[in-house]
Amino acid sequence: MKSGKVWLVGAGPGDSLLMTIKGRKVLEEADVVVYDSLVGDSILSTLPQEAQLINVGKRASNHTMAQDKINQLLLSLAQEGKKVVRLKGGDPFLFGRGGEELELLAENNIPYEVVPGVTSPLAVPAYNGIPVTHRDYTSSLHIITGHKKAGEEYDINFQALVKTKGTLVFLMGVHALKDICSGLLAGGMDPDMPAAILQKGTTAGQKRIVATVSTLAGEVERKGIETPAIIVVGRVCELADRFQWYENLPLGGWKVVLTRPAGMISRMAEKLRIAGAEVLELPSIQTVPREPDEMLEKALLNIGQYQWLVLTSPTGVKILRQNMDRLKIDVRSFASVRIAAIGKGTERELRKIGIYPDMVPSRFDGETLGRELAQLVRDGDRILIPRASAGNQALVRYLEKAGGLVEDIPTYDTVPARPGIVDEKELFSRGEIDCAVFTSASTVRGFVQATEGLDYSKVKAACIGKQTEAEAARYGMETFVAEEATMDSLLELVCNMKKEGTKWNY
(Lines give C-alpha, C1' and ligand atoms only; values in the text may rest on other atoms or scores of the structure.)
Protein backbone atom coordinates (compact mmCIF):
# COMPACT_ATOMS: atom_id res chain seq x y z
CA MET A 1 0.00 0.00 0.00
CA LYS A 2 1.20 3.50 -0.82
CA SER A 3 2.26 5.44 2.27
CA GLY A 4 0.22 8.38 3.43
CA LYS A 5 1.64 11.66 4.62
CA VAL A 6 1.66 13.71 7.83
CA TRP A 7 1.45 17.47 8.14
CA LEU A 8 2.36 19.12 11.44
CA VAL A 9 0.19 22.22 11.40
CA GLY A 10 0.30 25.12 13.82
CA ALA A 11 -3.21 26.39 14.54
CA GLY A 12 -2.05 29.64 16.12
CA PRO A 13 -3.07 31.04 19.51
CA GLY A 14 -6.88 30.88 19.15
CA ASP A 15 -8.23 33.50 16.75
CA SER A 16 -9.15 31.50 13.65
CA LEU A 17 -8.14 34.39 11.37
CA LEU A 18 -4.56 33.92 12.58
CA MET A 19 -4.34 30.42 11.15
CA THR A 20 -2.24 30.41 7.99
CA ILE A 21 -3.65 29.99 4.50
CA LYS A 22 -1.50 26.89 3.99
CA GLY A 23 -2.72 25.42 7.27
CA ARG A 24 -6.34 25.89 6.17
CA LYS A 25 -5.66 24.34 2.77
CA VAL A 26 -4.01 21.28 4.29
CA LEU A 27 -6.93 20.84 6.71
CA GLU A 28 -9.45 20.88 3.87
CA GLU A 29 -7.73 17.89 2.25
CA ALA A 30 -7.15 15.81 5.39
CA ASP A 31 -8.46 12.27 5.88
CA VAL A 32 -7.67 12.42 9.60
CA VAL A 33 -7.13 15.35 11.99
CA VAL A 34 -5.31 14.62 15.25
CA TYR A 35 -5.84 17.70 17.42
CA ASP A 36 -4.87 19.18 20.79
CA SER A 37 -6.96 20.80 23.51
CA LEU A 38 -5.10 24.08 23.02
CA VAL A 39 -6.50 24.51 19.51
CA GLY A 40 -9.08 27.33 19.65
CA ASP A 41 -12.81 26.55 19.67
CA SER A 42 -13.34 28.75 16.62
CA ILE A 43 -10.92 26.57 14.65
CA LEU A 44 -12.25 23.28 16.03
CA SER A 45 -15.77 24.28 14.98
CA THR A 46 -14.66 24.49 11.33
CA LEU A 47 -12.75 21.21 11.03
CA PRO A 48 -13.87 19.26 7.93
CA GLN A 49 -16.85 17.05 8.69
CA GLU A 50 -15.68 14.45 6.21
CA ALA A 51 -12.44 13.81 8.11
CA GLN A 52 -11.91 11.46 11.04
CA LEU A 53 -11.29 13.64 14.11
CA ILE A 54 -9.13 12.35 16.97
CA ASN A 55 -8.68 14.30 20.21
CA VAL A 56 -5.36 13.64 21.93
CA GLY A 57 -6.06 16.38 24.49
CA LYS A 58 -2.60 17.72 25.29
CA ARG A 59 -2.80 20.27 28.08
CA ALA A 60 -0.74 20.79 31.23
CA SER A 61 -1.24 17.86 33.66
CA ASN A 62 -4.20 16.59 31.61
CA HIS A 63 -3.15 14.32 28.73
CA THR A 64 -5.78 12.27 26.95
CA MET A 65 -3.02 10.37 25.17
CA ALA A 66 0.66 9.98 26.12
CA GLN A 67 3.21 11.45 23.71
CA ASP A 68 4.66 8.10 22.64
CA LYS A 69 1.14 6.89 21.82
CA ILE A 70 0.54 9.99 19.70
CA ASN A 71 3.76 9.35 17.81
CA GLN A 72 2.69 5.76 17.13
CA LEU A 73 -0.81 6.88 16.10
CA LEU A 74 0.57 9.25 13.46
CA LEU A 75 2.80 6.50 12.10
CA SER A 76 -0.02 3.94 11.96
CA LEU A 77 -2.44 6.30 10.20
CA ALA A 78 0.17 7.26 7.61
CA GLN A 79 1.03 3.60 7.00
CA GLU A 80 -2.66 3.07 6.18
CA GLY A 81 -2.18 5.51 3.30
CA LYS A 82 -4.05 8.41 4.89
CA LYS A 83 -3.43 12.14 4.71
CA VAL A 84 -2.96 13.06 8.37
CA VAL A 85 -2.97 16.54 9.89
CA ARG A 86 -1.45 16.83 13.35
CA LEU A 87 -3.09 20.07 14.49
CA LYS A 88 -1.33 21.79 17.37
CA GLY A 89 -2.00 25.03 19.21
CA GLY A 90 0.49 27.80 18.43
CA ASP A 91 3.53 26.60 16.49
CA PRO A 92 4.53 22.89 16.30
CA PHE A 93 8.20 23.55 17.04
CA LEU A 94 7.89 26.01 19.95
CA PHE A 95 7.45 23.82 23.04
CA GLY A 96 5.02 21.80 20.92
CA ARG A 97 7.06 18.56 20.86
CA GLY A 98 6.82 18.60 17.09
CA GLY A 99 10.39 17.36 16.75
CA GLU A 100 9.56 14.27 18.82
CA GLU A 101 6.60 13.47 16.59
CA LEU A 102 8.74 13.65 13.47
CA GLU A 103 11.43 11.27 14.77
CA LEU A 104 9.35 8.11 14.38
CA LEU A 105 8.05 9.23 10.99
CA ALA A 106 11.58 9.89 9.74
CA GLU A 107 12.78 6.49 10.99
CA ASN A 108 10.00 4.81 8.99
CA ASN A 109 10.41 6.93 5.83
CA ILE A 110 6.98 8.52 6.14
CA PRO A 111 6.76 11.79 4.15
CA TYR A 112 5.85 14.85 6.19
CA GLU A 113 5.66 18.63 6.11
CA VAL A 114 5.68 21.26 8.82
CA VAL A 115 3.28 24.22 8.55
CA PRO A 116 4.40 26.87 11.07
CA GLY A 117 1.80 28.63 13.18
CA VAL A 118 1.48 32.12 14.64
CA THR A 119 2.96 31.69 18.10
CA SER A 120 1.43 32.94 21.36
CA PRO A 121 4.58 34.67 22.76
CA LEU A 122 4.23 37.20 19.94
CA ALA A 123 0.50 37.21 19.16
CA VAL A 124 -0.97 37.27 22.66
CA PRO A 125 1.04 40.31 23.83
CA ALA A 126 0.21 42.00 20.52
CA TYR A 127 -3.53 41.49 21.11
CA ASN A 128 -3.02 43.07 24.55
CA GLY A 129 -1.19 46.14 23.29
CA ILE A 130 2.25 44.91 24.41
CA PRO A 131 5.03 45.11 21.80
CA VAL A 132 7.55 42.49 22.91
CA THR A 133 10.35 44.67 21.51
CA HIS A 134 10.54 48.46 21.38
CA ARG A 135 13.69 50.48 20.72
CA ASP A 136 13.01 52.72 23.72
CA TYR A 137 12.55 49.78 26.10
CA THR A 138 14.37 46.62 25.02
CA SER A 139 16.25 45.09 22.14
CA SER A 140 15.82 41.37 22.88
CA LEU A 141 13.13 38.80 23.51
CA HIS A 142 13.50 35.53 25.43
CA ILE A 143 10.90 32.74 25.45
CA ILE A 144 11.06 30.28 28.33
CA THR A 145 8.92 27.30 29.30
CA GLY A 146 7.44 27.86 32.74
CA HIS A 147 6.58 24.19 33.10
CA LYS A 148 8.55 22.06 35.53
CA LYS A 149 8.13 18.59 36.96
CA ALA A 150 6.48 18.35 40.36
CA GLY A 151 8.93 18.52 43.26
CA GLU A 152 11.86 19.65 41.12
CA GLU A 153 13.66 22.98 41.01
CA TYR A 154 13.70 25.10 37.88
CA ASP A 155 16.57 24.42 35.52
CA ILE A 156 16.63 28.10 34.59
CA ASN A 157 19.43 30.58 35.10
CA PHE A 158 17.29 33.46 36.35
CA GLN A 159 20.34 35.64 36.96
CA ALA A 160 21.36 35.31 33.30
CA LEU A 161 17.83 36.18 32.17
CA VAL A 162 17.82 39.29 34.30
CA LYS A 163 21.17 40.39 32.86
CA THR A 164 19.78 40.29 29.28
CA LYS A 165 17.54 43.28 30.12
CA GLY A 166 15.17 41.83 27.50
CA THR A 167 11.48 41.04 27.46
CA LEU A 168 10.83 37.65 29.04
CA VAL A 169 7.86 35.51 28.03
CA PHE A 170 7.07 32.39 30.07
CA LEU A 171 4.74 29.79 28.56
CA MET A 172 2.88 27.18 30.63
CA GLY A 173 3.90 28.91 33.84
CA VAL A 174 0.61 29.93 35.47
CA HIS A 175 0.79 27.38 38.28
CA ALA A 176 4.41 28.31 38.97
CA LEU A 177 3.92 32.09 38.85
CA LYS A 178 5.18 32.63 42.42
CA ASP A 179 8.29 30.54 41.77
CA ILE A 180 9.03 32.41 38.54
CA CYS A 181 8.69 35.82 40.17
CA SER A 182 10.74 34.70 43.17
CA GLY A 183 13.47 33.36 40.88
CA LEU A 184 13.65 36.64 38.96
CA LEU A 185 13.83 38.69 42.16
CA ALA A 186 16.53 36.41 43.56
CA GLY A 187 18.38 36.85 40.25
CA GLY A 188 18.55 40.59 40.80
CA MET A 189 15.52 41.92 38.97
CA ASP A 190 14.09 45.27 40.08
CA PRO A 191 10.97 44.53 42.21
CA ASP A 192 9.17 47.35 40.33
CA MET A 193 9.80 45.82 36.91
CA PRO A 194 6.43 45.76 35.04
CA ALA A 195 4.97 42.29 34.52
CA ALA A 196 1.72 40.93 33.11
CA ILE A 197 -0.23 37.72 32.90
CA LEU A 198 -2.34 37.35 29.75
CA GLN A 199 -5.28 34.93 29.74
CA LYS A 200 -6.75 33.25 26.64
CA GLY A 201 -5.20 35.80 24.31
CA THR A 202 -6.74 36.44 20.86
CA THR A 203 -10.09 34.96 21.97
CA ALA A 204 -13.26 36.32 23.58
CA GLY A 205 -11.92 35.14 26.95
CA GLN A 206 -8.92 37.47 26.74
CA LYS A 207 -8.00 39.13 30.04
CA ARG A 208 -4.85 40.74 31.35
CA ILE A 209 -3.47 41.68 34.74
CA VAL A 210 -0.59 44.16 34.70
CA ALA A 211 1.45 44.70 37.86
CA THR A 212 5.11 44.32 38.82
CA VAL A 213 7.32 41.29 39.40
CA SER A 214 6.90 41.72 43.17
CA THR A 215 3.11 42.20 43.09
CA LEU A 216 1.86 40.13 40.13
CA ALA A 217 1.31 36.89 42.05
CA GLY A 218 -0.76 38.70 44.67
CA GLU A 219 -2.84 40.46 42.01
CA VAL A 220 -3.55 37.14 40.32
CA GLU A 221 -4.73 35.63 43.60
CA ARG A 222 -7.02 38.62 44.10
CA LYS A 223 -8.44 38.92 40.58
CA GLY A 224 -8.19 35.33 39.35
CA ILE A 225 -6.87 33.96 36.07
CA GLU A 226 -7.68 30.98 33.86
CA THR A 227 -5.45 28.84 31.68
CA PRO A 228 -4.09 28.96 29.10
CA ALA A 229 -2.17 32.11 29.95
CA ILE A 230 1.31 33.49 29.41
CA ILE A 231 3.54 35.63 31.64
CA VAL A 232 5.34 38.67 30.22
CA VAL A 233 8.06 40.48 32.15
CA GLY A 234 9.60 43.72 30.96
CA ARG A 235 9.15 47.45 30.73
CA VAL A 236 7.04 47.02 27.55
CA CYS A 237 4.18 45.76 29.75
CA GLU A 238 3.49 49.34 30.88
CA LEU A 239 2.36 50.13 27.30
CA ALA A 240 -0.65 47.77 27.45
CA ASP A 241 -3.31 50.31 28.42
CA ARG A 242 -1.97 52.87 25.95
CA PHE A 243 -1.76 50.48 22.98
CA GLN A 244 -4.74 48.22 23.63
CA TRP A 245 -6.92 47.66 20.56
CA TYR A 246 -8.64 44.27 20.63
CA GLU A 247 -11.09 45.33 23.34
CA ASN A 248 -11.99 48.40 21.25
CA LEU A 249 -13.30 46.38 18.27
CA PRO A 250 -17.12 46.45 17.93
CA LEU A 251 -17.40 42.78 18.97
CA GLY A 252 -14.13 42.39 20.89
CA GLY A 253 -14.67 40.00 23.81
CA TRP A 254 -17.86 38.43 22.41
CA LYS A 255 -18.20 34.74 21.66
CA VAL A 256 -20.84 34.01 19.06
CA VAL A 257 -22.35 30.83 17.64
CA LEU A 258 -23.23 31.05 13.96
CA THR A 259 -25.32 28.34 12.41
CA ARG A 260 -24.65 27.50 8.79
CA PRO A 261 -25.23 24.70 6.30
CA ALA A 262 -22.45 22.11 6.52
CA GLY A 263 -19.68 22.55 3.97
CA MET A 264 -20.58 26.14 3.13
CA ILE A 265 -18.08 28.96 3.66
CA SER A 266 -19.83 31.61 5.69
CA ARG A 267 -19.46 35.25 4.70
CA MET A 268 -21.28 36.12 7.90
CA ALA A 269 -18.60 34.40 9.97
CA GLU A 270 -15.93 36.49 8.27
CA LYS A 271 -17.83 39.72 8.94
CA LEU A 272 -18.28 38.84 12.61
CA ARG A 273 -14.60 37.92 13.02
CA ILE A 274 -13.38 41.12 11.41
CA ALA A 275 -15.59 42.99 13.90
CA GLY A 276 -13.70 41.20 16.70
CA ALA A 277 -16.00 38.32 17.66
CA GLU A 278 -14.80 34.82 18.40
CA VAL A 279 -17.07 32.79 16.12
CA LEU A 280 -18.02 29.15 16.56
CA GLU A 281 -19.49 27.85 13.33
CA LEU A 282 -22.12 25.25 14.07
CA PRO A 283 -22.92 23.21 10.94
CA SER A 284 -26.48 22.57 12.07
CA ILE A 285 -27.87 21.50 8.70
CA GLN A 286 -26.58 20.07 5.50
CA THR A 287 -28.18 20.24 2.10
CA VAL A 288 -28.67 17.01 0.16
CA PRO A 289 -29.47 17.40 -3.56
CA ARG A 290 -32.20 15.17 -4.93
CA GLU A 291 -30.53 12.97 -7.52
CA PRO A 292 -31.86 12.10 -9.95
CA ASP A 293 -34.51 14.83 -9.98
CA GLU A 294 -36.77 13.92 -12.88
CA MET A 295 -39.17 16.83 -12.24
CA LEU A 296 -36.37 19.42 -12.43
CA GLU A 297 -34.83 17.72 -15.46
CA LYS A 298 -38.13 17.85 -17.34
CA ALA A 299 -38.64 21.51 -16.40
CA LEU A 300 -35.15 22.54 -17.54
CA LEU A 301 -35.46 20.74 -20.86
CA ASN A 302 -38.63 22.79 -21.42
CA ILE A 303 -37.51 26.01 -19.73
CA GLY A 304 -38.82 28.17 -22.59
CA GLN A 305 -42.39 27.35 -21.52
CA TYR A 306 -42.04 29.35 -18.30
CA GLN A 307 -42.46 33.09 -17.87
CA TRP A 308 -40.70 33.20 -14.49
CA LEU A 309 -37.89 31.29 -12.76
CA VAL A 310 -37.78 31.98 -9.00
CA LEU A 311 -34.66 31.17 -6.98
CA THR A 312 -34.77 31.38 -3.20
CA SER A 313 -31.24 30.49 -2.03
CA PRO A 314 -27.61 30.28 -3.19
CA THR A 315 -27.83 26.50 -2.72
CA GLY A 316 -30.78 26.38 -5.12
CA VAL A 317 -28.69 28.20 -7.74
CA LYS A 318 -25.76 25.82 -7.28
CA ILE A 319 -27.99 22.78 -7.78
CA LEU A 320 -29.62 24.44 -10.80
CA ARG A 321 -26.18 24.96 -12.31
CA GLN A 322 -25.14 21.35 -11.65
CA ASN A 323 -28.22 20.13 -13.50
CA MET A 324 -27.62 22.57 -16.35
CA ASP A 325 -24.08 21.20 -16.74
CA ARG A 326 -25.30 17.62 -16.65
CA LEU A 327 -27.99 18.29 -19.27
CA LYS A 328 -25.66 20.53 -21.34
CA ILE A 329 -28.02 23.51 -21.05
CA ASP A 330 -26.47 26.99 -21.11
CA VAL A 331 -27.83 30.44 -20.28
CA ARG A 332 -29.15 30.98 -23.83
CA SER A 333 -32.04 28.70 -22.95
CA PHE A 334 -33.23 31.28 -20.37
CA ALA A 335 -33.48 34.13 -22.90
CA SER A 336 -37.28 34.38 -22.74
CA VAL A 337 -37.60 33.69 -19.01
CA ARG A 338 -37.68 36.41 -16.37
CA ILE A 339 -35.77 35.57 -13.22
CA ALA A 340 -36.43 36.53 -9.60
CA ALA A 341 -33.84 36.09 -6.81
CA ILE A 342 -34.64 36.36 -3.12
CA GLY A 343 -31.56 38.36 -2.08
CA LYS A 344 -27.97 39.41 -2.60
CA GLY A 345 -26.44 35.98 -1.89
CA THR A 346 -28.69 34.31 -4.46
CA GLU A 347 -28.10 37.15 -6.92
CA ARG A 348 -24.33 36.82 -6.47
CA GLU A 349 -24.49 33.08 -7.18
CA LEU A 350 -26.55 33.72 -10.32
CA ARG A 351 -24.00 36.19 -11.62
CA LYS A 352 -21.38 33.44 -11.54
CA ILE A 353 -23.22 31.80 -14.42
CA GLY A 354 -23.82 35.05 -16.30
CA ILE A 355 -27.41 35.65 -15.19
CA TYR A 356 -28.65 38.95 -13.77
CA PRO A 357 -32.06 38.72 -12.07
CA ASP A 358 -34.98 40.81 -13.32
CA MET A 359 -36.44 41.15 -9.85
CA VAL A 360 -35.09 41.21 -6.28
CA PRO A 361 -37.56 41.99 -3.45
CA SER A 362 -37.16 44.98 -1.10
CA ARG A 363 -36.86 42.57 1.86
CA PHE A 364 -35.10 39.27 1.43
CA ASP A 365 -37.71 36.82 2.70
CA GLY A 366 -40.18 34.48 1.05
CA GLU A 367 -43.29 36.45 1.98
CA THR A 368 -41.98 39.74 0.58
CA LEU A 369 -40.76 37.98 -2.55
CA GLY A 370 -44.21 36.47 -3.08
CA ARG A 371 -46.09 39.72 -2.42
CA GLU A 372 -43.91 41.88 -4.70
CA LEU A 373 -43.51 39.30 -7.46
CA ALA A 374 -47.28 38.80 -7.51
CA GLN A 375 -47.61 42.42 -8.72
CA LEU A 376 -45.52 41.54 -11.81
CA VAL A 377 -47.13 38.18 -12.62
CA ARG A 378 -49.85 38.05 -15.22
CA ASP A 379 -52.80 35.68 -15.14
CA GLY A 380 -51.72 32.33 -16.58
CA ASP A 381 -47.95 32.89 -16.23
CA ARG A 382 -46.07 29.66 -15.64
CA ILE A 383 -43.66 29.97 -12.73
CA LEU A 384 -40.88 27.52 -11.89
CA ILE A 385 -39.56 27.47 -8.30
CA PRO A 386 -36.74 24.94 -7.80
CA ARG A 387 -35.88 25.05 -4.07
CA ALA A 388 -35.66 23.26 -0.73
CA SER A 389 -38.36 20.70 -0.01
CA ALA A 390 -39.37 22.64 3.14
CA GLY A 391 -39.81 26.00 1.41
CA ASN A 392 -42.00 28.86 2.63
CA GLN A 393 -45.53 28.26 1.27
CA ALA A 394 -46.50 31.94 1.56
CA LEU A 395 -44.51 32.51 -1.64
CA VAL A 396 -46.66 30.04 -3.56
CA ARG A 397 -49.93 31.37 -2.13
CA TYR A 398 -49.23 34.94 -3.26
CA LEU A 399 -48.30 33.83 -6.78
CA GLU A 400 -51.28 31.52 -7.22
CA LYS A 401 -53.62 34.24 -5.94
CA ALA A 402 -52.24 36.49 -8.71
CA GLY A 403 -53.15 33.85 -11.30
CA GLY A 404 -49.74 32.24 -11.65
CA LEU A 405 -49.41 28.55 -12.50
CA VAL A 406 -46.73 27.49 -10.02
CA GLU A 407 -44.49 24.44 -10.28
CA ASP A 408 -42.82 24.19 -6.86
CA ILE A 409 -40.12 21.56 -7.40
CA PRO A 410 -38.09 20.26 -4.43
CA THR A 411 -34.45 20.05 -5.55
CA TYR A 412 -32.77 19.48 -2.19
CA ASP A 413 -33.52 18.50 1.38
CA THR A 414 -32.12 19.98 4.57
CA VAL A 415 -31.10 17.39 7.14
CA PRO A 416 -29.27 17.61 10.49
CA ALA A 417 -25.50 17.82 10.12
CA ARG A 418 -23.09 15.48 11.84
CA PRO A 419 -22.46 16.78 15.39
CA GLY A 420 -19.29 18.84 15.71
CA ILE A 421 -16.59 18.39 18.34
CA VAL A 422 -17.25 21.69 20.13
CA ASP A 423 -19.99 21.27 22.75
CA GLU A 424 -22.04 24.42 22.14
CA LYS A 425 -24.75 23.16 24.49
CA GLU A 426 -22.28 23.05 27.39
CA LEU A 427 -20.88 26.48 26.49
CA PHE A 428 -24.37 27.99 26.51
CA SER A 429 -25.14 26.33 29.83
CA ARG A 430 -21.99 27.84 31.36
CA GLY A 431 -22.82 31.29 30.01
CA GLU A 432 -19.80 31.45 27.71
CA ILE A 433 -21.76 32.27 24.54
CA ASP A 434 -23.04 35.83 24.13
CA CYS A 435 -25.46 35.19 21.28
CA ALA A 436 -26.44 32.84 18.48
CA VAL A 437 -26.73 34.21 14.94
CA PHE A 438 -29.31 32.68 12.61
CA THR A 439 -29.47 33.29 8.87
CA SER A 440 -32.62 31.23 8.17
CA ALA A 441 -35.44 29.40 9.92
CA SER A 442 -33.92 26.08 8.89
CA THR A 443 -30.68 26.90 10.73
CA VAL A 444 -32.75 27.56 13.88
CA ARG A 445 -34.28 24.11 13.58
CA GLY A 446 -30.88 22.57 12.95
CA PHE A 447 -29.46 24.35 16.01
CA VAL A 448 -32.25 22.97 18.19
CA GLN A 449 -31.60 19.46 16.91
CA ALA A 450 -27.86 19.86 17.61
CA THR A 451 -28.41 21.18 21.15
CA GLU A 452 -31.36 19.07 22.27
CA GLY A 453 -32.14 19.58 25.95
CA LEU A 454 -30.68 23.09 26.19
CA ASP A 455 -32.68 25.70 28.11
CA TYR A 456 -33.36 27.93 25.10
CA SER A 457 -34.38 30.86 27.29
CA LYS A 458 -30.61 31.24 27.80
CA VAL A 459 -30.09 31.84 24.07
CA LYS A 460 -30.04 35.35 22.71
CA ALA A 461 -30.91 34.93 19.04
CA ALA A 462 -29.85 37.47 16.41
CA CYS A 463 -32.12 36.74 13.44
CA ILE A 464 -31.85 37.85 9.82
CA GLY A 465 -35.61 38.21 9.26
CA LYS A 466 -39.09 37.84 10.69
CA GLN A 467 -39.55 34.22 9.63
CA THR A 468 -36.26 33.29 11.30
CA GLU A 469 -37.23 35.29 14.41
CA ALA A 470 -40.59 33.53 14.63
CA GLU A 471 -38.87 30.12 14.52
CA ALA A 472 -36.41 31.12 17.28
CA ALA A 473 -39.21 32.53 19.45
CA ARG A 474 -41.11 29.27 19.09
CA TYR A 475 -38.42 27.59 21.20
CA GLY A 476 -38.38 30.31 23.85
CA MET A 477 -35.23 32.14 22.74
CA GLU A 478 -34.89 35.86 23.38
CA THR A 479 -35.01 37.23 19.85
CA PHE A 480 -33.59 40.26 18.08
CA VAL A 481 -34.22 40.88 14.37
CA ALA A 482 -32.19 42.80 11.79
CA GLU A 483 -33.78 45.86 10.20
CA GLU A 484 -33.09 44.41 6.76
CA ALA A 485 -32.62 40.79 5.74
CA THR A 486 -28.98 41.31 4.76
CA MET A 487 -25.68 40.15 6.24
CA ASP A 488 -24.57 43.74 6.87
CA SER A 489 -27.77 44.56 8.72
CA LEU A 490 -27.44 41.37 10.77
CA LEU A 491 -23.88 42.33 11.70
CA GLU A 492 -25.08 45.78 12.76
CA LEU A 493 -27.71 44.10 14.94
CA VAL A 494 -25.12 41.98 16.76
CA CYS A 495 -22.87 45.01 17.29
CA ASN A 496 -25.81 46.94 18.75
CA MET A 497 -26.68 44.03 21.03
CA LYS A 498 -23.19 44.22 22.52
CA LYS A 499 -23.25 48.00 22.71
CA GLU A 500 -26.58 47.98 24.55
CA GLY A 501 -25.35 45.42 27.08
CA THR A 502 -27.52 42.44 26.17
CA LYS A 503 -24.94 39.97 27.46
CA TRP A 504 -26.68 37.38 29.58
CA ASN A 505 -25.99 37.53 33.31
CA TYR A 506 -25.96 34.04 34.81
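Which residues do ring pairs link into a cluster? The cluster consists of F428, F438, F447, Y456 and Y475. The structure that holds these residues is a predicted model. This report describes the division into domains, then the nonpolar cores, the aromatic pairs, the strands and two residues of one helix.

## Domains

The chain is divided into domain 1 (5-118), domain 2 (122-247), domain 3 (250-286 + 419-503) and domain 4 (306-413). Domain 3 is thus written as two stretches of the chain, 250-286 and 419-503. Between the C-alpha centres of domain 1 and domain 4 there is a distance of 44 Å.

## Nonpolar cores

The largest nonpolar core contains 36 residues, and the most contacts inside it are made by L87, F447 and M477. Helix α17, which spans residues 441-450, gives the most to this core, contributing three residues. Because domain 1 (5-118) and domain 3 (250-286 + 419-503) both give residues to this core, it lies between them. A second core, separate from the largest one, has 26 residues, among them Y154, A195, I209 and I225. As a general background, nonpolar side chains in soluble globular proteins tend to be buried together.

L87 illustrates the contacts of a core residue. When residues up to four places away in sequence are not counted, L87 touches V9, A11, M19, L27, V33, V34, Y35, D36, V39, I43 and L47. One of these, Y35, is also the bridge partner of L87, which lies in β4.

## Aromatic pairs

A search of the whole structure finds seven aromatic pairs. Two of them are set out below.

| Pair | Geometry | Centre to centre | Angle between planes |
|---|---|---|---|
| W245 and Y246 | edge-to-face | 6.2 Å | 90° |
| F447 and Y456 | edge-to-face | 6.2 Å | 65° |

How do the members of these pairs stand with respect to burial? W245 has a relative accessibility of 34% and counts as partly exposed, because the partly exposed class lies between the limits of 20% and 50%. Y246, with a relative accessible area of 5%, is buried. In the other pair, F447 and Y456 are both buried. F447 and Y456 also belong to the cluster linked by ring pairs, together with F428, F438 and Y475. F447 is, in addition, one of the residues with the most contacts inside the largest nonpolar core.

## The five-stranded sheet

Five strands form an open sheet in the order β3-β2-β4-β1-β5, with parallel pairing. Its edge strands are β3 (52-55) and β5 (112-115), each of which pairs on one side only. On average, neighbouring strands of this sheet are turned by 15° against each other, with direction ignored.

Within the sheet, strand β2 (residues 32-35) and strand β4 (residues 83-88) run parallel and are joined by four bridges. Helix α3 (residues 67-79) lies across β1 (5-10), β2, β3 and β4, and runs at about 155° to β4.

## Strand β15 and its partners

Strand β15 comprises residues 382-388 and is mostly covered, as six of its seven residues are buried. Strand β13 (residues 308-311) pairs with β15 in the parallel sense over two bridges. One residue pair here is L309 with its bridge partner L384 in β15. Strand β16 (residues 405-416) also runs parallel to β15, and seven bridges join the two. Here P386 has I409 in β16 as its bridge partner.

## Two residues of helix α14

Helix α14 covers residues 366-374 and includes T368. Is T368 buried or exposed? T368 counts as buried, at 4% relative accessibility, because the limit for burial is under 20%. Leaving out residues up to four places away in sequence, T368 touches P361, S362 and R363.

A374 lies in helix α14 as well. A374 has a relative accessible area of 16% and is buried. Apart from its neighbours within four places in sequence, A374 is in contact with Y398, L399 and A402. A374 and Y398 are 24 residues apart along the chain, and their C-alpha atoms are separated by 6.1 Å.

Notes: Residues numbered from 1 in each chain as written. Predicted model: local features only at pLDDT ≥ 70, side-chain atom pairs only at ≥ 80, totals over all residues. Heavy atoms only, no water. Buried < 20%, exposed > 50% of the residue type's maximum accessible area, 1.4 Å probe, protein only. Pairing = 2+ DSSP bridges. Core = buried A, V, L, I, M, F, W, Y, C linked by side-chain atoms within 4.5 Å. Domains from an automatic or database assignment. Contact = heavy atoms within 4.5 Å. Axes fitted to C-alpha atoms, helices over the stretch in contact; angles between N-to-C directions. Phe/Tyr/Trp six-rings, centres within 6.5 Å; stacked < 30°, edge-to-face > 60°.
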